[in-house]
Amino acid sequence: MPEPNFATLAAFIDMDGHGFYVWLSVALALLAIGANWATLRAARRQFLADARARAQGGDALDRAPALEQAAATLLDGPLIEKNLNADSGR
């Protein structure tokens, strides 16, 4: 059986002084994976709800005009215009 690289659990967690960076990286990676999983799960639930509504003859996309309005507001907002004007002035 191979010999362990660290003598104690504390030494393993400390990782020769690099433990903070190693465990922070592990935590951020797990957070990113968890956020991705949660986002995909929410999208799947929404897709299934839309599919059920379509199967029952309802309009599952009643929220489309609101989404289009929100997108138009974002795309036509003052920040976009300010950035476009700044870019054209170069």
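## The loop between H1 and H2

Let's start with Asp-16, which sits in the loop between H1 and H2. This is a predicted model, and in it the phi of Asp-16 is near 55 degrees, a positive value in a residue other than glycine. Most residues other than glycine have a negative phi. Asp-16 is also exposed, with a relative accessible area of 66%.

Met-15 belongs to the loop between H1 and H2 as well. Its phi is positive too, at about 50 degrees, although Met-15 is not a glycine. Is Met-15 buried or exposed? Its relative accessible area is 18%, and the cut-off for buried is under 20%, so Met-15 counts as buried. The loop therefore puts a buried Met-15 alongside an exposed Asp-16.

## The overall layout

Stepping back, the protein has 4 helices and 0 strands. Read from the N terminus on, the elements go α-α-α-α.

There isn't much of an interior here in terms of residue counts: of the 90 residues in the protein, 6% are buried. Met-15 is one of the buried residues. The accessible surface of the protein adds up to about 8,000 Å², and carbon and sulfur atoms own 65% of that.

## Helix H2

H2 runs over residues 19-55 and has 37 residues. How far does H2 reach from its first C-alpha to its last? The answer is 53 Å, close to the 54 Å expected at 1.5 Å a residue.

After the helix comes a glycine: H2 is followed by Gly-57, with a positive phi near 90 degrees. Unlike Met-15 and Asp-16, that residue is a glycine.

## Three rings in a cluster

Now for the aromatics. A search of the whole structure turns up 3 aromatic pairs. In one of them, the ring centres of Phe-6 and Phe-12 are 5.7 Å apart and the planes make an angle of 75 degrees, so this pair is edge-to-face. Phe-6 is partly exposed at 26% relative accessible area, and Phe-12 is partly exposed at 33%.

Phe-12 has another ring partner in Trp-23: here the centres are 5.6 Å apart and the planes are at 70 degrees, so this pair is edge-to-face as well. Which parts of the chain does the pair link? Phe-12 is in helix H1 (residues 9-14) and Trp-23 is in helix H2, 11 residues apart, so to speak a link between distant parts of the chain. Trp-23 is partly exposed, with a relative accessible area of 33%. Taken together, ring pairs join Phe-6, Phe-12 and Trp-23 into a cluster.

## A nonpolar patch on the surface

Two of those cluster residues, Phe-12 and Trp-23, turn up again in a nonpolar patch on the surface. Its members are Leu-9, Phe-12, Ile-13, Trp-23, Val-26, Leu-30 and Ile-33, and together they have about 670 Å² of accessible area.

Which elements give two or more residues to the nonpolar patch? H1 and H2 do, and the largest share, 4 residues, comes from H2. Val-26 is one of the patch residues and has its place in helix H2. At 35% relative accessibility, Val-26 counts as partly exposed. So Phe-12 and Trp-23 both form part of the ring cluster and of the surface patch, with each of them partly exposed at 33%.

Methods:
Residues are numbered from 1 along each chain as its sequence is written. This is a predicted model: local features need pLDDT of at least 70, side-chain atom pairs count only at pLDDT 80 or more; totals for chains, interfaces and linings use all residues. Side-chain values use heavy atoms; hydrogens and water are left out. Rings of Phe, Tyr and Trp (its six-membered ring) pair if their centres lie within 6.5 Å; planes under 30 degrees apart count as stacked, over 60 as edge-to-face and the rest as tilted. Buried means under 20% relative accessible area, exposed over 50%, partly exposed in between (1.4 Å probe, protein chains only). The expected span of a helix is 1.5 Å times one less than its number of residues. Patches are made of residues with over 30% relative accessible area and no salt bridge: like charges are joined within 9 Å, nonpolar side chains (Val, Leu, Ile, Met, Phe, Trp, Tyr) within 5 Å. Accessible areas come from the Shrake-Rupley method with a 1.4 Å probe; for residues, only the protein chains shown count as cover. A salt bridge is a side-chain nitrogen of Lys or Arg within 4 Å of a carboxyl oxygen of Asp or Glu.
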